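Let's check each label against its cut-off. Short questions, short answers.

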Amino acid sequence: MAHLTTVVVSLLVTFSFAAQPDNPDPLRGPDVPDHATHSLVSKTMTGRFEPLRVRPEAAALQELDLDEASRAKAREIVDQRGADIAMALVDHIDDVKEMTDMITAGQQDRARERLGEMWGEIDEGTPRDPLAKPLEGVLDAEQRGQLKRLVDEYWEAWIDWELRKNDKARGDPAARERVEHRLAFGLFEREVREAYNYSLKRYKDALDGVYDAVQPTDEQRAEIREIVLEHIRATRLSATPEQRRETNMKIYRLLDDERKEKLFAYMTRIVIPDG
């Protein structure tokens, strides 16, 4: 949860004073490992279960015999998942703000509960395999069966590992369901973190630099945060140069003369090499 808390707090101070990055697809998720073992389950030499670094549904695609067109469509669906999570954070920015305020007030349990509600809204019914249904449209019946087998086998092995010290719980469907829900929630948290890293982190980094240079008052910080939230809502991560300039000017105008000068100096600084 600590990683997700960092993401949630960071979102509330996120704004880019720079142009969009050169990467033409900043919302693209991580590449699926290119290997074919016909199983997603992997263990170390000591028998320790190794969780995947991508969604099981995405990893399972590598094990299927897909033609070029079907594989390209499947890859688009996987990539779209990252974009959808990023847009969902924008759509829920007020909820993110509310959770951050809860965390600041020491109400971590309430914030975690609210995050769970967001999960249920983003992934209706909090499915274990949210990519399975979208992928149905590009897979034939045999491929869908193969994907389900691979994913189910992986989840069974993962849950077995989590319950390895409790033989009674391993055979208890309710206990297994609770573990599955916890692990699925953890995957959602990771997706939120990845969506942030691919699409929003540059905003926070740029604004942190301005904060360090300008040292705004608490009141100014609060006003800047509201300007940033409105910018995120309005631009949905695709700000035009004009929109960025207008937001820059809103922040500039709310500063006193001394801090305006610091902001101007920061934005126009020239690095002169030594000697």
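Q: How many of the 275 residues of the chain count as buried, in percent?
A: The share is 43%. Buried means under 20% relative accessible area, exposed over 50%, and partly exposed in between (1.4 Å probe, protein chains only). This is a predicted model, in which local features need pLDDT of at least 70, side-chain atom pairs count only at pLDDT 80 or more, and totals for chains, interfaces and linings use all residues. Residues are numbered from 1 along each chain as its sequence is written, and side-chain values use heavy atoms, with hydrogens and water left out.

Q: What makes up the secondary structure of the chain?
A: The chain has 13 helices and 0 strands. Helices (H or I, at least four residues) and strands (E, at least two) are DSSP runs, numbered from the N terminus.

Q: Why is Glu68 called exposed?
A: Its relative accessibility is 73%. The cut-off for exposed is over 50%, so Glu68 counts as exposed. Glu68 sits in helix α3 (residues 68–91).

Q: What gathers with Glu68 in a patch on the surface?
A: Asp65, Asp67, Asp140 and Glu142 join Glu68 in a patch of negative charge. Patch residues have over 30% relative accessible area and no salt bridge; like charges are joined within 9 Å, nonpolar side chains (Val, Leu, Ile, Met, Phe, Trp, Tyr) within 5 Å. Asp and Glu count as negative, Lys and Arg as positive; His and the chain ends are not counted.

Q: What makes Asp91 and Arg236 a salt bridge?
A: The closest N and O atoms are 2.5 Å apart. The rule asks for a side-chain nitrogen of Lys or Arg within 4 Å of a carboxyl oxygen of Asp or Glu, so the pair of Asp91 and Arg236 qualifies. The two residues are 145 apart in sequence: Asp91 is in helix α3, and Arg236 is in the loop between α11 (218–235) and α12 (241–254).

Q: Which of the classes, exposed or partly exposed, fits Asp91, and which fits Arg236?
A: Asp91 is exposed, at 51% relative accessibility. Arg236 is partly exposed, because its relative accessible area is 33%.

Q: Why is Arg114 called buried?
A: Its relative accessible area is 11%. The cut-off is under 20%, so Arg114 counts as buried. Arg114 forms a salt bridge with Glu121, the closest N and O atoms being 3.7 Å apart. Glu121 is partly exposed, at 46%.

Q: How many salt bridges does the rule give?
A: The count is 26. One network of salt bridges links Arg55, Glu57, Arg81, Asp123 and Glu191.

How values were computed: Areas by Shrake-Rupley, 256 points an atom, 1.4 Å probe, with all protein chains shown as cover. Charge placed at Lys NZ, Arg CZ, Asp CG, Glu CD.
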